[in-house]
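Reader: Got a model open here. Can you walk me through it, sheet to start with?

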Amino acid sequence: MNKPVQVQTDTATPTDFTLPVEGGVPADGLVARLREHVSVPVAGLLWLGAAAVSAAWPDQTAWSRTTLLAILQAGVGIGLVGSALFLARRPVFKVISEYGLWFGALAVLITAWEVLTAKTGILPLPFFPPPQSILEVYTDDVSRLLESIAHSMLLLLPGYLLGGLVGFTAGVSIGWSKSVHYWGYPILRFVGPLPATAWLPIAFFFFPSTFSAATFLIALSTAFPVAVLTSSGISTVTSAYYDIARTLGADTRFLITKVAIPAALPNVFVGLFMGLGSSFAVLIVAEMMGVKAGLGWYLQWAQGWAAYANLYGALIIMALLFSSLISLLFYVRDRMLVWQKGIVRW
Amino acid sequence: MVALAPSSADAALHGLKVQVRNVSHAFDTNGEQLDVLDEVSFTVQPGAFISLLGPSGCGKSTLLRLIAGLDEPREGKIGANGVRIVGPDPSRLLVFQDPTLYPWRTVRQNVALGLEARGLIREQAHRVDEALDLVGLSAFADVFPNQLSGGMAQRAALARVLVNNPSLLLLDEPLGRLDSLTRMTMQAELLRLWQDAAFTSILVTHDVEEALLLSQQVIVFSHRPARVIGTVDIDLPYPRHRDDPRFVTLRRELLATMGLEHQL
Ligand SMILES: Nc1ncnc2c1ncn2[C@@H]1O[C@H](COP(=O)(O)OP(=O)(O)OP(=O)(O)O)[C@@H](O)[C@H]1O
Ligand SMILES: [Mg+2]
């Protein structure tokens with residue numbers, strides 16, 4: 001980044017308007033450029049080194065996927081070095097080099113993990129499985145994992161969408177109508193803070209299937225924050241917006257759909273974001289407690305067999321899955337709120 | 001420039017007569033009553049252009065809101081063409097002191113708001129472009145309001161109202177944020193528009209010159225609670241010139257009415 005131009009008004013000569021320069025390149029410009037062009041090849045070499053450690057240093061007890069691990073590490077290393085050699089002028093390299101330091105750090109981290117577990121056994125099994133054992137989970141237990149992912153998504157998404165819709169509708173009604181507010185708001189205030197998981201035993205009892213009970217609870221956990229934030233968004237819309245629309249001949253329907261809702265939309269998305277977070281929690285607990293399928297269930301199953309590699313493997317998948325869902329939500333929000341900039345980043 | 005001419009169907013409506021009769025108004029703030037208008041009465045003839053002049057905070061914006069039908073006066077009556085005003089109507093439009101564009105709509109969509117609300121957008125979409133052209137914002141039609149300057153936002157707010165072809169135009173310091181050059185251009189445009197479309201115009205302004213340049217009559221208000229303390233008729237033909245001796249005389253008269261003769 002260039003430093004802002006310093007204008008000294010007391011000794012205003014033309015030279016005062018030049019940038020502070022040292023050796024042709026501003027000081028932090030040099031660091032940035034070094035980082036951009038050196039970090040990626042260095043990270044690539046670190047990954048190649050990690051591959052060498054995995055392949056050349058024998059395991060204490062032979063793991064079946066050590067070779068695969070080495071191949072993958074070498075692949076990442078070659079990819080990074082190759083991108084620095086052949087893609088350096090492409091825009092995609094900007095993105096890669098942005099995370100250059102991260103790539104390097106990951107190589108170091110994984111190597112340390114590998115050395116401390118498979119190679120030396122300083123960190124003991126079964127609590128500290130080596131990286132290749134997690135690879136083994138992904139290669140050997142893939143069908144069960146995929147099935148679990150599918151189950152979790154089929155439970156989460158309908159529940160979340162239903163809850164979002166119900167929460168939005170309730171929020172708009174409570175925020176807009178005085179009489180709905182009178183009856184609805186106290187219920188929201190009283191029942192809302194109960195964690196949806198607290199309903200679990202009752203829901204499993206009342207609903208015909210654990211699946212429908214879990215869907216209900218996920219919907220409930222989503223609906224509450226969405227309703228609260230939507231209603232507060234609607235009720236705090238500045239009256240000037242309504243005055244303008246009213247003088248221009250807007251009817252109630254127009255005021256709700258074209259004024260109140262768009263004005264409250266940023267709030268609605270905050271609610272949807274919070275609802276997504278709590279729906280993840282409910283999903284996993286519901287799967288652990290009764291649904292007998294999905295990633296939550298997989299975690300419990302793995303724990304039952306003391307299969308810690310499977311546990312870590314599933315956690316990594318969950319992290320990827322859930323952060324992708326949040327990214328998707330933020331993408332949708334950014335598309336719908338292009339007019340608004342600088343809100344919560346993800 | 002493009003004429004935002006009224007369609008023939010609207011022509012009959014044009015130029016509302018406004019009657020303000022003994023209007024008093026107050027606000028309740030923290031349990032206390034704040035008197036804002038005190039027995040205000042005046043009449044605006046159809047198609048006339050009048051200005052309201054008064055100290056800051058005396059109640060001018062409040063009065064415009066009452067005429068627009070956004071609020072009801074505590075006492076007294078306000079009529080449009082002899083019919084009591086009980087609510088807002090697209091024939092009486094207010095250009096608010098604060099532009100308040102909808103931030104989620106582009107400038108074009110903001111200007112189209114009234115036509116959209118009344119379901120006329122399909123037939124009259126061209127009026128939106130005409131109005132944007134009129135206020136010189138065609139190049140900014142597709143940007144969001146957060147990218148506009150204060151003056152541009154005010155012009156957009158003006159276009160948002162003009163596009164609806166009102167019979168009564170209530171202007172609450174609509175040119176307050178413009179630089180003096182743009183301001184003069186917009187004053188001339190406003191005048192031309194008023195002469196073409198023949199709507200009734202009530203302008204709130206702090207600017208004595210602006211009132212003298214634009215209006216046929218200036219109503220001067222006291223400090224809050226606002227009372228009418230004087231009326232000055234501006235019997236000058238348009239276009240008016242600041243150095244016209246009659247203009248100078250009228251300005252002195254107006255300042256005297258405002259109690260500011262020593263300012264000369
Ligand atoms: N909604 C409201 N609630 C309470 N008080 C209000 C409200 N609107 C206006 N007032 C008060 O009424 C008085 C008149 O306000 P108004 O906005 O009409 O003044 P104004 O003549 O337009 O002033 P300016 O020239 O500065 O715009 C002020 O004292 C203001 O504080
Ligand atoms: Mg005002």
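Author: Four strands of chain B make an open sheet, ordered β2-β1-β4-β5, with antiparallel pairing. Strands are DSSP runs of E, at least two residues, and helices are runs of H or I, at least four, numbered from the N terminus. Two strands pair if DSSP finds at least two bridges between them.

Reader: Which strands stand at the edges?

Author: β2 (32-44) and β5 (83-84) of chain B. Each has a single partner strand, so one side of each lacks a neighbour in the sheet.

Reader: How many bridges join β1 to β2 in chain B?

Author: Nine, with β1 covering residues 18-29. B:Ala26 sits opposite B:Asp35 of β2(B).

Reader: Any caveats on the source?

Author: This is a predicted model: local features need pLDDT of at least 70, side-chain atom pairs need 80 or more, and totals for chains, interfaces and linings use all residues. Residues count from 1 along each chain as written, chains are lettered from A and ligands numbered from 1 in written order, and side-chain values use heavy atoms, without hydrogens and water.

Reader: Switching to the metal. What are the protein donors of the magnesium ion?

Author: B:Ser61 (OG) and B:Gln97 (OE1), 1.9 to 2.3 Å from ligand 2. Donors are N, O and S atoms within 2.8 Å of the metal (3.2 Å for Na, K and Ca); water is not among the atoms, so sites may look incomplete.

Reader: Where are they in the chain?

Author: B:Ser61 is in helix α2 (residues 60-68) of chain B, and B:Gln97 is in the loop between β6 (92-95) and α3 (107-111), 36 residues apart.

Reader: Is B:Ser61 buried or exposed?

Author: Partly exposed, at 26% relative accessibility. Buried means under 20% relative accessible area, exposed over 50%, partly exposed in between (1.4 Å probe, protein chains only). B:Gln97 is partly exposed too, at 36%.
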